[in-house]
Amino acid sequence: MKEVYIVTGASRGIGHAVATQLEQRGHTVVRMARSNPNELDNLIECDVTSERAAELLKDVLKTYEGSEAYTLINNAGIVEPIGVMGLVENDVIARAIEVNVTAPIQLANTFIQQLQNVKATKRIMNISSGAGRKTYDGWGVYGTTKAAIDHFSRIVFDEQKKMTQPIDIVAIAPGIIDTDMQTVIRSSSAESFPPLQRFLDYKEEGTLATPEETAERLIAYVQSDRMGTEPTADVRDLS
Ligand code: NAP
């Protein structure tokens, strides 16, 4: 079966591991990120918050017209600004919302516009976070963006159940993974991020998951019969 995957934030971290494993399994993968450190031919350098991103997604879907399965993995994300409210600069708040909420919603909207009536397997996997489901002091902005993407996924999940050619959607929390994002978290201060010590301990004790094992679990989920049965999920709950 010819399957096409569009993975945002696929230059490093979880997105890079997901895209690499999909490629190794023989799937067609188009990566999107602002940088291309490994000079990959299938990575489109693009900021997901730019108007170009949706146009590029349309082009990709057109290029691979006639495929049996299309999957959009909205993975690009930023954890900044980290800070208890009152310590955060107002001008960085909008950027977090653009990257973590507006961009994945716009890409999902374009994906749905282009594919709603196409007979194929169609899936949207939004990479969420436990930070959107539990409260962490210092993550007022980040946690809120992830809660927003969860709720967006719930609404689209309900809408799609009523369609004749439905699109599966899930917002999935990937666990706690040893990527650059964790380095950013560990470099914050206990004043701006009170749970800092817990995150320093995760690294010290070696309890962080690797991007590769996380990618395996995300791919297993998106390709399983469970995909499309629930609007939110957590890789840590999977057997
Ligand atoms: P990461 O290592 O910091 O990688 C982030 C990726 O997103 C990079 O490829 C980056 O590429 C891309 N990106 C960031 N801003 C972008 C933009 N404006 N346009 C296009 N691409 C952009 O982060 P990660 O840990 O792999 O996180 C991936 C996802 O998992 C995020 O949504 C994050 O919130 C979520 N998550 C992570 C953890 C964790 O413990 N790591 C836990 C829960 C959830 P460029 O810099 O090249 O653009």
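Trainee: What makes the side chain of Arg95 and a nitrogen atom of the ligand a polar contact?

Mentor: That nitrogen is 3.3 Å from an N or O atom in the Arg95 side chain. A polar contact is a pair of N or O atoms within 3.5 Å, so the Arg95 pair counts. Keep in mind that this is a predicted model, where local features need pLDDT of at least 70, side-chain atom pairs count only at pLDDT 80 or more, and totals for chains, interfaces and linings use all residues. Residues are numbered from 1 along each chain as its sequence is written, and side-chain values use heavy atoms, with hydrogens and water left out.

Trainee: How do you know that Ser35 makes a polar contact with the ligand?

Mentor: An N or O atom in the Ser35 side chain is 2.5 Å from a ligand oxygen, so this pair passes the cut-off too. For Tyr142, a polar side-chain atom lies 2.7 Å from an oxygen atom of the ligand.

Trainee: Which helix gives the most to the shell around the ligand?

Mentor: That's α5, with three residues; helices here are DSSP runs (H or I, at least four residues), numbered from the N terminus. α5 spans 180–186.

Trainee: Why are 13 residues of that shell called nonpolar?

Mentor: Because Ala, Val, Leu, Ile, Met, Phe, Trp, Tyr, Cys and Pro count as nonpolar, and 13 shell residues fall in that class. Another six are charged, meaning Asp, Glu, Lys or Arg. The remaining 11 are polar, the class for the others, Gly among them.

Technical notes
Polar contact = N/O pair within 3.5 Å; in protein donor to acceptor, adjacent residues only side chain to side chain. Helix = DSSP H or I, 4+ residues; strand = E, 2+ residues; numbered from the N terminus.
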